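Trainee: I should like to request a close look at a single part of this structure. Please describe that part and the surroundings into which it is set.

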Amino acid sequence: MPFFRDFSKPRTIEFHSEVLLSVGRSKNACGNLQRRHTMKEAKDMKNRLGLFRKRNESPGPNTASKLDKALRSIKPSPEDALKWGESFEKLLIHKYGLAAFRAFLRTEFSEENLEFWLACEDYKKIKSHSKMVSKAKKIFSEYIAIQSCKEVNLDSYTREHTKGNLQNINCNCFDLAQKRIYGLMERDSYPRFLRFELYLDLINQKKSSPSI
């Protein structure tokens, strides 16, 4: 009886070839999927590290130079420095005191609180409505928006309240947020500043003897 091969069924060698090709394709697909997953994780990590660096890097050259210039100015007398311990307000209204407090906040990586408060003070002085709108959006995106580069510590109610104020921008848009951050600095940072080495040196400095 003659032998007839059924061409509808693959030969053994063809079958094994198909299996090997199928396995190869599966490995390639898994490899591509794994590489895409790894690349996505690396990209996410890079973004998180970038955000961390933005939040913790030292301020720009202009801010740093102004701070250094202020600290190189004539030092206040021990009597003047002692007045800063009477109230947080007296510290902030003194040029050298403000610079010293900012230097302290830099050591704690919380300078954004003071920067936000000062930005709000400048914002309230703006007369032009168009400039006010531009400045308000910048302040919100820089200090209040979630995961912004200099995000300040605000409760959800204050954040949403301030966001709602941007629908009708006026000079009082940031009043509540500014009050919250002022209170945070007064309760938390200010007491530690009074134990800061720079401040202690100022109040304990000896008057230089007059030259003969």
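**Helix α6 and its surroundings**

Mentor: From the N terminus on, the elements of the chain run α-α-α-α-α-α-α-α-α-α. The model is a predicted one, and its chain has 10 helices and zero strands. Of the 212 residues, 30% count as buried. Among contacts between residues at least 6 apart in sequence, 64% join residues at least 24 apart. The part chosen here is helix α6, which spans residues 111-123.

The helix that precedes it in numbering is a suitable place to begin. Helix α5 (residues 95-107) packs against α6 at an angle of about 140°, and the two axes lie 7 Å apart. The pair is therefore classed as oblique. On the α5 side, the residues that meet α6 are Leu 98, Phe 101, Arg 102, Leu 105 and Arg 106. Their counterparts in α6 are Glu 111, Leu 114, Glu 115 and Leu 118. By residue type, this contact of α5 with α6 comprises five nonpolar, no polar and four charged residues.

The nonpolar interior is the next topic. The largest nonpolar core has 36 residues, and those with the most contacts inside it are Trp 84, Phe 101, Phe 116, Tyr 123, Phe 174 and Phe 193. Two or more residues of this core come from each of α4 (88-92), α5, α6, α7 (129-144), α9 (175-193) and α10 (197-204). Phe 101 thus appears twice in this account: it belongs to the α5 residues that meet α6, and it is listed among the core residues with the most contacts.

Phe 116 deserves attention in its own right. Leaving aside neighbours within four places in sequence, Phe 116 is in contact with Ile 139, Tyr 143, Ile 144, Val 152, Phe 174, Ala 177, Gln 178 and Ile 181. Phe 174, one of these partners, is also among the core residues with the most contacts.

Asn 113 is likewise located in helix α6. Its relative accessibility is 8%, so Asn 113 counts as buried. Not counting residues up to four places away in sequence, Asn 113 touches Val 152, Asn 153, Ile 181, Leu 184 and Met 185. Val 152 and Ile 181 are contacted by Asn 113 and also by Phe 116.

Charged residues complete the picture. A search of the whole structure finds nine salt bridges. One of them involves α6 directly: Lys 150 pairs with Glu 115, with the closest N and O atoms 3.0 Å apart. This pair links distant parts of the chain, since Lys 150 lies in the loop between α7 and α8 (156-165) and Glu 115 in helix α6, 35 residues apart. Glu 115 counts as buried because its relative accessibility is 9%, whereas Lys 150, at 27%, is partly exposed. Glu 115 is also one of the α6 residues that meet α5.

A second salt bridge starts just before α6. The side chains of Glu 108 and Arg 192 meet at 2.7 Å, N to O. Glu 108 is in the loop between α5 and α6 and Arg 192 in helix α9, 84 residues apart, so that this pair too links distant parts of the chain. Both partners are partly exposed, Glu 108 at 28% relative accessibility and Arg 192 at 27%.

Methods. Residues are numbered from 1 along each chain as its sequence is written. This is a predicted model: local features need pLDDT of at least 70, side-chain atom pairs count only at pLDDT 80 or more; totals for chains, interfaces and linings use all residues. Side-chain values use heavy atoms; hydrogens and water are left out. Helices (H or I, at least four residues) and strands (E, at least two) are DSSP runs, numbered from the N terminus. Buried means under 20% relative accessible area, exposed over 50%, partly exposed in between (1.4 Å probe, protein chains only). Contact means heavy atoms within 4.5 Å. Axes are lines fitted to C-alpha atoms, for helices over the stretch in contact, and angles run from 0 to 180 degrees between N-to-C directions. Angles under 35 degrees count as roughly parallel, over 145 as roughly antiparallel, 65 to 115 as roughly perpendicular and the rest as oblique. Ala, Val, Leu, Ile, Met, Phe, Trp, Tyr, Cys and Pro count as nonpolar, Asp, Glu, Lys and Arg as charged, and the others, Gly among them, as polar. A nonpolar core is a set of buried Ala, Val, Leu, Ile, Met, Phe, Trp, Tyr and Cys residues joined through side-chain atoms within 4.5 Å. A salt bridge is a side-chain nitrogen of Lys or Arg within 4 Å of a carboxyl oxygen of Asp or Glu.
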